[in-house]
Amino acid sequence: MSHPDCDVLIVGGGLSGMSAALALQATGLSVTVIDPVPAEVQAAAGYDGRTTAISQSSKRMLDRLGVWQAMPDPACPIGDIRVQEGGSPLFLQFDREDAGPEAMGFIADNGSLKAGLYRQAAGKDGLTVLAPASVAALESGTGSVTATLEDGRQVTARLALAADGRRSPTRRRAGIRATEFSYGQTAITCTVTHSRPHNYVAYEHFRPAGPFAMLPLMDAEDGSHRSCLVWSERTATAEALLKLSDAEFDRELSDAFDDSLGELHVSGKRWGYPLGLIHAERYIGQRLVLIGDAAHGIHPIAGQGFNLGLRDIAALADTIEDALRLGLDIGSAPVLEKYQRWRRFDVMSMIAATDGLNRLFSNNSAAVKLLRDAGLGLVQRIGPLKRAFMRGAMGTVGNLPRLMRDPARR
């Protein structure tokens with residue numbers, strides 16, 4: 001067998017792909033990333049209108065990889081989280097005093113995150129980004145995997161990672177089936193300015209058509225107070241809202257939200273993203289690993305999608321680092337199966353939680369509403385239960401990979 005061009009080949013240069021590239025390069029492996037979109041386009045402000053919720057453990061990982069410091073626009077910390085059922089006076093408040101010395105999480109602009117990832121990757125020894133470039137075929141052999149690009153070039157590696165999104169062509173080429181269905185909802189996301197400061201409070205309102213969230217962003221350079229709107233609606237309604245003028249949308253937005261933030265105005269482009277669930281039947285193939293959305297795509301109701309993908313990456317880095325220490329082949333079946341075993345329970349638990357929450361709150365049943373209100377009130381009154389929910393959202397419990405552990409407990 002000829003010597004491979006690199007140790008790890010990553011198909012996809014988005015948030016998950018570039019995070020994996022940095023994490024694996026840090027273990028001493030050589031990494032090549034292939035993506036059809038140039039880096040400067042990926043990190044441009046208008047390319048991706050979304051923001052991403054970053055848990056405390058994910059922030060630790062990004063900090064250790066140098067990404068946090070390289071982001072051009074800082075992420076906004078979440079101090080409090082206020083959860084409320086639409087139209088109900090009952091609410092659940094997660095207070096910063098209960099979270100301890102650390103923020104409960106952060107809201108980061110996707111463009112800034114990608115810029116930080118690409119900045120940190122630039123000049124790294126053993127880390128190569130081929131973009132724009134597209135994979136035409138991926139063939140796995142006994143000791144290596146070979147990607148043939150659309151322009152005829154070939155790249156060989158010991159292991160390939162699929163980080164090419166929910167519709168992952170790499171997953172399909174490998175014959176890995178996935179369970180998927182649509183929620184019949186579309187998330188409208190955009191930046192909103194408001195007359196009152198958010199004081200680092202994240203608002204989540206559960207409504208029959210889907211969750212409605214206002215997530216804090218850092219103030220604009222001119223001092224304007226800003227939040228990110230994530231408004232999930234039935235798809236037909238969402239499509240109609242996206243067609244409204246800014247003034248018309250402002251009126252609908254003001255009717256949908258309370259006056260906690262004062263006068264509301266949409267700022268910039270509005271984006272619509274269909275919501276669905278997708279889960280691969282397995283996360284590995286022959287010399288292939290699925291990470292992030294290529295392995296699992298969940299409802300954004302709890303803001304845990306990217307955090308789940310980062311746990312994939314951190315667990316894979318641990319698994320590969322342990323294999324290297326023992327002199328094992330990083331692309332061998334026993335090594336990849338260890339990764340899959342580690343990740344499956346966490347992923348299945350998160351799928352069940354987010355799917356269950358969306359189904360629980362996205363309905364008009366009076367009986368279910370009584371149970372929901374009783375549940376919110378119960379959690380609000382029982383301190384230990386509330387703190388347990390908070391630690392789960394912060395990602396600080398469970399079998400955490402080394403990149404995500406508290407430095408004091410490593």
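**Figure 1. Pairing of strand β7 with strands β3 and β4 in the predicted model.** Strand β3 (residues 51-55) runs antiparallel to β7, and 5 bridges join the two. Within this pairing, Ser 55 is placed opposite Gly 105 of β7. Strand β4 (residues 76-78) is likewise antiparallel to β7, to which 3 bridges connect it. Here Cys 76 faces Ile 107 of β7. Strand β7 itself spans residues 105-109, and 4 of its 5 residues are buried, so the strand is largely enclosed by the rest of the structure.

**Figure 2. Helix α6 and its two ends.** Helix α6 comprises 12 residues, 110-121. From its first C-alpha to its last the helix reaches 16 Å, close to the 16 Å expected at 1.5 Å a residue. At the start of α6, the backbone nitrogen of Gly 111 has a side-chain oxygen of Asp 109 within 3.0 Å. After the helix comes Gly 123, with a positive phi near 80°.

**Figure 3. Burial of helix α6.** Because 10 of its 12 residues are buried, α6 is largely enclosed by the rest of the structure. The buried set consists of Asn 110, Gly 111, Ser 112, Leu 113, Lys 114, Ala 115, Gly 116, Leu 117, Tyr 118 and Ala 121. Polar residues such as Asn 110, Ser 112 and Lys 114 thus appear in this set beside Leu 113 and Leu 117.

**Figure 4. The largest nonpolar core and a second core apart from it.** The largest nonpolar core contains 85 residues, of which Ile 10, Met 61, Leu 161, Val 289 and Ile 291 touch the most other members. Helix α10 (residues 305-325) gives the most to this core, contributing 8 residues. Another core, of 18 residues, lies apart from the largest one and includes Ile 188, Cys 190, Val 192 and Trp 231. In soluble globular proteins, nonpolar side chains tend to be buried together.

**Figure 5. Surroundings of Ile 291.** Neighbours within four places in sequence are left aside in this view. The remaining contacts of Ile 291 are with Ser 16, Ala 20, Leu 161, Ala 162, Ala 163, Asp 312, Ile 313, Leu 316 and Tyr 339. One of these, Leu 161, is also among the core residues that touch the most other members.

**Figure 6. Buried cysteines without disulfides.** A search of the whole structure yields 0 disulfides. For Cys 228, the nearest cysteine sulfur belongs to Cys 190 and is 7.2 Å away. Cys 228 is buried, with a relative accessible area of 2%. Cys 76 is also buried, its relative accessible area being 1%.

Technical notes
Residues are numbered from 1 along each chain as its sequence is written. This is a predicted model: local features need pLDDT of at least 70, side-chain atom pairs count only at pLDDT 80 or more; totals for chains, interfaces and linings use all residues. Side-chain values use heavy atoms; hydrogens and water are left out. Helices (H or I, at least four residues) and strands (E, at least two) are DSSP runs, numbered from the N terminus. The expected span of a helix is 1.5 Å times one less than its number of residues. Buried means under 20% relative accessible area, exposed over 50%, partly exposed in between (1.4 Å probe, protein chains only). A polar contact is a pair of N or O atoms within 3.5 Å; within protein, one must be able to donate a hydrogen and the other to accept it, and residues adjacent in sequence count only if both atoms are side-chain atoms. A nonpolar core is a set of buried Ala, Val, Leu, Ile, Met, Phe, Trp, Tyr and Cys residues joined through side-chain atoms within 4.5 Å. Contact means heavy atoms within 4.5 Å. A disulfide is a pair of cysteine sulfur atoms within 2.5 Å. Two strands pair if DSSP finds at least two bridges between them.
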